[in-house]
Amino acid sequence: MPAYHSAFNETLDTKIRGPSPIADPQAADVIDETLDLFRANSLFRNFEIKGPADRLLIMLILYVSDCLAKIGSARSVPSQIEASKLLNTLSVDNFPIPGDANFPLNAHYAAPPSRADSDYLRQYLTQVRQELAARLVERLYLDGTGKPSKWWMSFQKRRFMNRSLGS
(Lines give C-alpha, C1' and ligand atoms only; values in the text may rest on other atoms or scores of the structure.)
Protein backbone atom coordinates (compact mmCIF):
# COMPACT_ATOMS: atom_id res chain seq x y z
CA MET A 1 0.00 0.00 0.00
CA PRO A 2 1.53 3.36 -0.98
CA ALA A 3 1.76 6.36 1.32
CA TYR A 4 -0.70 9.22 1.02
CA HIS A 5 0.57 12.19 -1.01
CA SER A 6 -0.19 15.88 -0.78
CA ALA A 7 -2.74 17.63 -2.95
CA PHE A 8 -1.83 21.18 -1.85
CA ASN A 9 0.92 23.60 -2.66
CA GLU A 10 1.59 27.00 -1.19
CA THR A 11 -1.43 28.67 0.44
CA LEU A 12 -2.27 28.50 4.14
CA ASP A 13 -5.30 29.39 6.21
CA THR A 14 -3.38 31.08 8.99
CA LYS A 15 -3.55 33.87 11.52
CA ILE A 16 0.23 33.81 11.95
CA ARG A 17 2.03 36.64 10.18
CA GLY A 18 4.51 35.51 7.55
CA PRO A 19 5.33 35.20 3.86
CA SER A 20 2.71 32.59 2.95
CA PRO A 21 -0.20 33.72 0.78
CA ILE A 22 -3.51 33.46 2.64
CA ALA A 23 -5.91 30.70 1.60
CA ASP A 24 -9.69 30.54 1.72
CA PRO A 25 -10.53 29.96 5.41
CA GLN A 26 -13.29 27.48 4.49
CA ALA A 27 -11.00 25.27 2.38
CA ALA A 28 -8.56 22.70 3.69
CA ASP A 29 -4.85 23.44 3.40
CA VAL A 30 -1.55 21.57 3.74
CA ILE A 31 -1.63 21.83 7.54
CA ASP A 32 -5.06 20.20 7.75
CA GLU A 33 -3.83 17.58 5.32
CA THR A 34 -0.72 16.93 7.43
CA LEU A 35 -2.79 16.41 10.57
CA ASP A 36 -5.26 14.17 8.70
CA LEU A 37 -2.52 12.03 7.11
CA PHE A 38 -0.01 12.01 9.97
CA ARG A 39 -1.08 8.79 11.65
CA ALA A 40 -1.39 6.83 8.40
CA ASN A 41 1.85 8.13 6.87
CA SER A 42 3.88 7.75 10.06
CA LEU A 43 3.64 3.99 9.58
CA PHE A 44 5.65 4.13 6.34
CA ARG A 45 9.42 3.87 6.09
CA ASN A 46 9.53 4.92 2.43
CA PHE A 47 7.84 7.83 0.76
CA GLU A 48 8.02 8.60 -2.95
CA ILE A 49 8.20 12.35 -3.52
CA LYS A 50 5.84 13.33 -6.34
CA GLY A 51 6.08 17.11 -6.07
CA PRO A 52 6.98 20.12 -3.92
CA ALA A 53 3.89 19.72 -1.75
CA ASP A 54 5.12 16.23 -0.79
CA ARG A 55 8.42 17.71 0.35
CA LEU A 56 6.56 20.09 2.64
CA LEU A 57 4.31 17.25 3.82
CA ILE A 58 7.38 15.21 4.83
CA MET A 59 8.83 18.10 6.83
CA LEU A 60 5.50 18.76 8.54
CA ILE A 61 4.93 15.10 9.43
CA LEU A 62 8.41 14.98 10.96
CA TYR A 63 7.66 18.19 12.85
CA VAL A 64 4.40 16.72 14.24
CA SER A 65 6.45 13.75 15.47
CA ASP A 66 8.84 16.12 17.20
CA CYS A 67 5.91 18.01 18.77
CA LEU A 68 4.38 14.83 20.15
CA ALA A 69 7.77 13.75 21.49
CA LYS A 70 8.21 17.13 23.17
CA ILE A 71 4.82 16.90 24.87
CA GLY A 72 5.44 13.26 25.82
CA SER A 73 8.82 14.07 27.37
CA ALA A 74 7.42 16.71 29.74
CA ARG A 75 7.84 15.88 33.43
CA SER A 76 4.10 15.99 34.00
CA VAL A 77 1.20 15.85 31.58
CA PRO A 78 0.94 19.41 30.24
CA SER A 79 -2.37 21.28 30.15
CA GLN A 80 -3.57 22.70 26.86
CA ILE A 81 -2.10 26.11 27.65
CA GLU A 82 1.25 24.61 28.72
CA ALA A 83 1.37 22.45 25.59
CA SER A 84 0.58 25.48 23.45
CA LYS A 85 3.46 27.44 25.02
CA LEU A 86 5.81 24.47 24.72
CA LEU A 87 5.07 23.91 21.03
CA ASN A 88 5.10 27.61 20.18
CA THR A 89 8.60 27.83 21.65
CA LEU A 90 9.62 24.75 19.65
CA SER A 91 8.23 26.24 16.44
CA VAL A 92 10.24 29.46 16.66
CA ASP A 93 13.47 27.89 17.93
CA ASN A 94 16.35 27.86 15.47
CA PHE A 95 16.04 24.81 13.23
CA PRO A 96 18.04 23.48 10.28
CA ILE A 97 16.73 24.05 6.75
CA PRO A 98 17.74 22.33 3.50
CA GLY A 99 21.36 23.07 2.77
CA ASP A 100 22.41 23.29 6.43
CA ALA A 101 24.96 20.67 7.45
CA ASN A 102 22.72 19.23 10.18
CA PHE A 103 19.51 19.06 8.11
CA PRO A 104 18.57 15.33 8.13
CA LEU A 105 17.01 15.21 4.63
CA ASN A 106 19.61 17.03 2.52
CA ALA A 107 19.61 14.15 0.03
CA HIS A 108 15.96 14.89 -0.83
CA TYR A 109 15.99 18.70 -0.82
CA ALA A 110 17.95 21.25 -2.81
CA ALA A 111 19.60 24.04 -0.87
CA PRO A 112 18.23 27.55 -1.42
CA PRO A 113 20.31 29.27 -4.13
CA SER A 114 20.83 32.55 -2.26
CA ARG A 115 20.87 33.99 1.24
CA ALA A 116 17.60 35.84 0.54
CA ASP A 117 15.92 32.59 -0.53
CA SER A 118 17.25 30.90 2.59
CA ASP A 119 15.81 33.64 4.81
CA TYR A 120 12.46 33.45 3.01
CA LEU A 121 12.35 29.66 3.43
CA ARG A 122 13.12 29.97 7.15
CA GLN A 123 10.35 32.58 7.58
CA TYR A 124 7.87 30.42 5.66
CA LEU A 125 8.72 27.28 7.64
CA THR A 126 8.52 29.19 10.93
CA GLN A 127 5.05 30.45 9.98
CA VAL A 128 3.93 26.95 8.98
CA ARG A 129 5.38 25.40 12.14
CA GLN A 130 3.59 27.94 14.36
CA GLU A 131 0.26 27.34 12.65
CA LEU A 132 0.75 23.57 12.73
CA ALA A 133 1.59 23.66 16.45
CA ALA A 134 -1.55 25.68 17.20
CA ARG A 135 -3.81 23.32 15.25
CA LEU A 136 -2.12 20.23 16.69
CA VAL A 137 -2.80 21.42 20.24
CA GLU A 138 -6.45 21.97 19.32
CA ARG A 139 -6.70 18.37 18.08
CA LEU A 140 -4.73 16.90 21.00
CA TYR A 141 -7.04 18.46 23.58
CA LEU A 142 -10.31 18.15 21.66
CA ASP A 143 -11.98 15.84 24.18
CA GLY A 144 -12.00 18.47 26.96
CA THR A 145 -10.32 16.31 29.62
CA GLY A 146 -7.33 18.63 29.93
CA LYS A 147 -4.99 15.83 28.90
CA PRO A 148 -3.62 15.09 25.42
CA SER A 149 -5.40 12.41 23.42
CA LYS A 150 -3.95 8.96 24.02
CA TRP A 151 -4.70 8.13 20.39
CA TRP A 152 -2.41 10.92 19.18
CA MET A 153 0.23 10.39 21.88
CA SER A 154 0.59 6.73 20.95
CA PHE A 155 2.45 7.96 17.86
CA GLN A 156 5.08 9.94 19.78
CA LYS A 157 7.78 7.29 19.36
CA ARG A 158 6.97 6.45 15.72
CA ARG A 159 9.52 7.75 13.27
CA PHE A 160 8.31 8.54 9.77
CA MET A 161 10.88 7.35 7.22
CA ASN A 162 13.09 6.44 10.22
CA ARG A 163 13.96 10.14 10.51
CA SER A 164 13.61 13.01 12.92
CA LEU A 165 14.12 16.73 12.44
CA GLY A 166 15.98 16.64 15.73
CA SER A 167 14.08 19.54 17.30
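This report looks at some of the helices in the structure above and at how they lie against one another. The model is a predicted one.

The table sets out three of the helices.

| Helix | Residues |
|---|---|
| H1 | residues 30-41 |
| H3 | residues 80-92 |
| H4 | residues 115-140 |

Two packed helices are described by the angle between their axes and the distance between the axes. For H3 and H4, the axes come within 9 Å and cross at roughly 165°; because angles over 145 degrees count as roughly antiparallel, H3 and H4 are therefore roughly antiparallel to each other. Their crossing is right-handed. On the side of H3, the residues that make this contact include Ala83, Leu87, Leu90 and Val92, while on the side of H4 they include Arg129, Ala133, Leu136 and Glu138. Sorted by character, the residues of the contact of H3 with H4 comprise seven nonpolar, six polar and two charged ones.

Helix H1 has 12 residues, yet its end C-alpha atoms are only 14 Å apart, which falls short of the 16 Å that a straight helix would reach at 1.5 Å a residue. Several residues of H1 are buried, among them Val30, Ile31, Leu35 and Phe38, and the buried residues of this helix pack against H2, H4 and helix H5, which covers 150-153.

Phe38 also appears in the surroundings of Ser65, a residue of helix H2 (residues 52-72): leaving aside its neighbours within four places in sequence, Ser65 is in contact with Phe38, Gln156 and Arg158. Ser65 has a relative accessible area of 7%, and is therefore buried, since buried means under 20%.

Terms used:
Residues are numbered from 1 along each chain as its sequence is written. This is a predicted model: local features need pLDDT of at least 70, side-chain atom pairs count only at pLDDT 80 or more; totals for chains, interfaces and linings use all residues. Side-chain values use heavy atoms; hydrogens and water are left out. Axes are lines fitted to C-alpha atoms, for helices over the stretch in contact, and angles run from 0 to 180 degrees between N-to-C directions. Helices (H or I, at least four residues) and strands (E, at least two) are DSSP runs, numbered from the N terminus. Angles under 35 degrees count as roughly parallel, over 145 as roughly antiparallel, 65 to 115 as roughly perpendicular and the rest as oblique. A crossing is left-handed if the near helix is turned anticlockwise from the far one by less than a right angle, and right-handed if clockwise. Contact means heavy atoms within 4.5 Å. Ala, Val, Leu, Ile, Met, Phe, Trp, Tyr, Cys and Pro count as nonpolar, Asp, Glu, Lys and Arg as charged, and the others, Gly among them, as polar. Buried means under 20% relative accessible area, exposed over 50%, partly exposed in between (1.4 Å probe, protein chains only). The expected span of a helix is 1.5 Å times one less than its number of residues.
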